[in-house]
Each structure stands twice: as C-alpha cells, then as structure tokens.
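Reader: I have a model open and would like to test the words people use for it against their cut-offs. Could you take me through them?

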Amino acid sequence: QVQLVESGGGLVQPGGSLRLSCAPSESFFRINTMGWYRQAPGKQRELVADIQSGGSTNYVDSVKGRFTISRDNAKNTVYLQMTSLQPEDTAVYYCNLQGARRRWDFSVSYWGQGTQVTVSS
C-alpha cells in the first residue's frame, strides 16, 4: 500500500514561512502530477498548487507570489515553500500524487494523510 509521507507543517506567526515536503513510500514508474491541496474548517478542499513532470506549475490565485511549488524527480519528492503566511492560510494541507507504479498501469491518484498548518499570533 503506497503512502505519501508528508512533513513540515506546524504553527507559525503571520508573515512567517514554512516548507512542506512529500514523498511516496514506494517506487513509481511514472509520476505525472504532484500537488498540494488544503482544507480549512467548514470549507471544501481546494487545490493550492501543482506541478507537472516537465515542471509547469499551477497556483490558486490567493497564494500566487507567496507560495512556490517544486519537485525533485530523482527523489520523487514535492515541496511547497510558503512565505508571508496569513491566518487565512490555516488549514490541513494534503499532498497528492498522480502516477503509475508500473509501465502498463493507468495513472492513479494518491493522497497523503494531511499536515496541519496554523498561522496565528
């Protein structure tokens, strides 16, 4: 059973920074998209940012200019560098990976367990 291992969440003051990382516990033949979603209390889960295997990125408008997503294809790891954090960024952040374990497999979507990010003074 593949697990996505997330790290880097925590409590930070407004204006602070955090870096999230995520990597799968098993090897993949192909990883198409890696990304981060978040869900705040009482709200729907939303895409924060994602990155394709070729490096193209996509961000939700509210984090543009503050968050940067990157990936290390050799390590199958995705990072989310978050700066200028605000209370409205408080949420559980979930890692997502879309890929195939073997050459002949269709791509499957995998989710991490989530890591809490709290922005508060």
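Author: Happy to. The torsion about the S-S bond of Cys22 and Cys95 is about -85°, so this disulfide is left-handed. The model is a predicted one: local features need pLDDT of at least 70 and side-chain atom pairs pLDDT 80 or more, while totals for chains, interfaces and linings use all residues. Residues are numbered from 1 along each chain as its sequence is written, and side-chain values use heavy atoms, leaving out hydrogens and water.

Reader: Why is the pair Cys22 and Cys95 called a disulfide?

Author: The term asks for two cysteine sulfur atoms within 2.5 Å. Those of Cys22 and Cys95 are 2.0 Å apart, so the pair meets the definition. The structure holds one disulfide.

Reader: What makes it a tie between parts apart in sequence?

Author: Strands here are DSSP runs of E with at least two residues, and helices are runs of H or I with at least four, both numbered from the N terminus. Cys22 sits in strand 3 (residues 18-24) and Cys95 in strand 9 (residues 91-100), so the pair links parts 73 residues apart in sequence.

Reader: How do you know whether Cys22 is buried or exposed?

Author: Buried means under 20% relative accessible area, exposed over 50%, and partly exposed in between, using a 1.4 Å probe and protein chains only. Cys22 has 1%, so it counts as buried. Cys95 has 0%, so it is buried too. Thr115, which is found in strand 11, has 12% and therefore also counts as buried.

Reader: What makes the link from Thr115 to Gly9 a polar contact?

Author: A polar contact needs N or O atoms within 3.5 Å; within protein, one must be able to donate a hydrogen and the other to accept it, and residues adjacent in sequence count only if both atoms are side-chain atoms. The side chain of Thr115 reaches the backbone nitrogen of Gly9 at 3.4 Å, so the distance falls inside that limit.

Reader: Which residues have the most contacts inside the largest nonpolar core?

Author: They are Trp36, Leu80, Met82 and Tyr93, in a core of 29 residues. Such a core is a set of buried Ala, Val, Leu, Ile, Met, Phe, Trp, Tyr and Cys residues joined through side-chain atoms within 4.5 Å. Strand 9 gives the largest share, four residues.

Reader: Why is the protein called as compact as a globular one of its length?

Author: The globule rule is 2.2 Å times the number of residues to the power 0.38, and the radius of gyration is taken over C-alpha atoms. For 121 residues the rule gives 14 Å, and the protein's radius is 14 Å, so the description fits.
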